[in-house]
Amino acid sequence: MEPYRIKVVEPIPVTTRQQREAALKRVNYNLFDLRADEVTIDLLTDSGTGALSAAQLAAGMAGDESYSGSRSFYRFQETVTELTGYAHVLPAHQGRAAERVLFSTLLERGNLVLSNTHFDTTRANVELTGAEARDLPCPEARNLDSAEPFKGNIDLDALAATLAGPDGSRVAVVVMTITNNGGGGQPVSMENLKRASALCRQHGVPFFLDAARFAENAWLVTRHEEGYRDRTPRQVAEEAFRLTDGCVMSAKKDGIVHIGGFIGLNDPELAQKCEMLLIATEGFATYGGLAGRDLDMMAQGLTEVTEPSYLAERAEIASHLAHRVRAAGVDIVEPPGMHALYLNAGRLLPHIPAHHYPGHALACQLYLEGGIRSAELGSLYLGEEDEHGNPVKSAPYELVRLALPRRVYTRSHYDHVGETLAKIAKNTDQVYGFRITDQSPILRHFRATLEPVPNRS
């Protein structure tokens, strides 16, 4: 059962099919542009969408809003330092702000950044500096159906070859994303982290974490990795941070807050440079664009998130939804992670070609049928077309992510998701593809406009 009871509730919108059809047409079939009050179950993201605890709200009420040196900052700094061990901690208003500050300071044009998988804003912030973002997912990640427990790992052979090869001098940093969001929400093993860390030290390359979901990664390590089954998630997380030179974190995930993040660093020279850019663009070094109450709530959330009872329930709710999705006849990236399920839209909708975006088609159909908002992670997100709409590059897989907000929805809400998918799976021939009518040069999935492409008879 859930290790909490509900003290405050909020009505959710219930709309008609006709209303949803009109809403989709109005926003040019981009789910990001829907009004929240047009969405019944919102699984677009788990970022900043969780429910605060009573202790977090109480901490926020005690927030110190002093411009410099607030007690809220020192509580936050102490909490992060105890967890991570980093010598320098800089608050930021969210993960992408932390990425921008770090990469703008660390990277130069022509540099190379290696990762198990860069997520969208991470890749964008790397590329905005003129550097190259290169993914090195492990070979096991290519089999979406296998039950391998650590498909979020980096390919150690590819990492070693790149660091020792002709591109080695270009590598400015290696970033390990835990859990691997772009790779289906799969965890990274401690063994993989240790070996990647050793390779980076051997070649003198900084090794960083994208630590947005560090606690969920730690929980899955305690479930599946030999030598860690008798460890607590907190102990695993502490060890993971201490294998690295620093991290960026969006606390909107495993900080369980609506806004917040930080940069953790050991290098004093790099920390000083990042601090100067932070002050110039985000806010003074003891608030980083956040209110004091946000710092206090983040500190409390970082304490709560490693509680075994919280993480066990989070894993169970993901497992419950996975069971309902499989029963509906829809395949997912296996094994199910914790922060999201990834639907295999390409397999469900083989009649829709990649350049007509089967993942986006399924996401739109989920909204039409059940008022459910989700996110496409397929060729709309990763693909490229020429000026005539012909495919130049397609995504390796056509996926839809159902991100699970923390402490927000109950099992009956997720039962509705399963029932909606079952209805779609019985009538896949009624699902049509899309074409882009307008797009931006980067992160196009956020702002693209689209139109339906009718199925050919």
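How much space lies in the largest pocket? In this predicted model, the volume of that pocket is about 1,300 Å³. Its lining comprises 37 residues, and those nearest the centre are V8, A51, L52, R407 and V408. Two elements, helix 2 (54-61) and helix 13 (308-327), each give two or more residues to this lining. Classified by residue type, the lining of the largest pocket holds 19 nonpolar, 9 polar and 9 charged residues.

The second largest pocket has a volume of about 1,000 Å³. It is lined by 38 residues, of which R123, D135, Y381, L382 and K393 are the closest to its centre. Contributions of two or more residues come from helix 5 (120-127), helix 16 (379-382), strand 12 (384-385) and helix 18 (444-447). Among the contributors to this second lining, helix 5 has the largest share, at 4 residues. The class composition of the second largest pocket is 15 nonpolar, 13 polar and 10 charged residues.

Cavities were examined next. Across the whole structure, 3 cavities of 30 Å³ or more were found. The largest cavity contains about 90 Å³ of space. Its lining consists of Y4, Y310, E313, R314, I317, L404, P405, R406, R407, V408, Y409 and Y414. Helix 13 is the greatest contributor to the lining of the largest cavity, with 4 residues; helix 13 is also one of the elements that give two or more residues to the lining of the largest pocket. R407 and V408 likewise occur in both settings, as lining residues of the largest cavity and among the residues nearest the centre of the largest pocket. By class, 8 residues of the largest cavity lining are nonpolar and 4 are charged, with no polar residues.

The second largest cavity holds about 50 Å³. The residues around this space are I178, M190, L193, L209, F214, N217, A218, V236, A237, A240 and F241. At least two lining residues are supplied by each of helix 7 (190-203), helix 8 (214-224) and helix 9 (233-241), and helix 9 gives the most, with 4 residues. The lining of the second largest cavity is made up of 10 nonpolar residues and 1 polar residue, with no charged residues.

Helix 13 is also placed against a sheet: helix 13 lies across strand 9 and strand 14, at about 20° to strand 9. These strands belong to an open sheet of 3 strands in the order 9-14-11, paired in the antiparallel sense. Strand 9 (340-344) and strand 11 (375-377) are the edge strands; each has a single partner strand, so one side of each lacks a neighbour in the sheet. From one strand to the next, the twist averages 30°. The antiparallel pairing of strand 9 with strand 14 (residues 399-403) extends over 5 bridges. Within this arrangement, L341 has L402 of strand 14 as its bridge partner.

A domain assignment is available from the UniProt record, an unreviewed entry, in which residues 42-418 carry the annotation "domain: Aromatic amino acid beta-eliminating lyase/threonine aldolase". Over residues 42-418, helix accounts for 44% of the chain and strand for 15%. The end C-alpha atoms of this stretch are 14 Å apart.

Terms used:
Residues are numbered from 1 along each chain as its sequence is written. This is a predicted model: local features need pLDDT of at least 70, side-chain atom pairs count only at pLDDT 80 or more; totals for chains, interfaces and linings use all residues. Side-chain values use heavy atoms; hydrogens and water are left out. On a 1 Å grid over the protein atoms alone, a cavity is a set of points where a 1.4 Å probe fits but cannot get out, and a pocket is an open set with protein on both sides within 12 Å along at least five of seven lines; lining residues have an atom within 4 Å of a point. Grid points are joined across faces, edges and corners, and a volume is the space filled by probe spheres set on the points. Ala, Val, Leu, Ile, Met, Phe, Trp, Tyr, Cys and Pro count as nonpolar, Asp, Glu, Lys and Arg as charged, and the others, Gly among them, as polar. UniProt positions are given in the numbering used here, feature names are shortened, and annotations may be inferred rather than shown by experiment. Two strands pair if DSSP finds at least two bridges between them. Axes are lines fitted to C-alpha atoms, for helices over the stretch in contact, and angles run from 0 to 180 degrees between N-to-C directions. Contact means heavy atoms within 4.5 Å.
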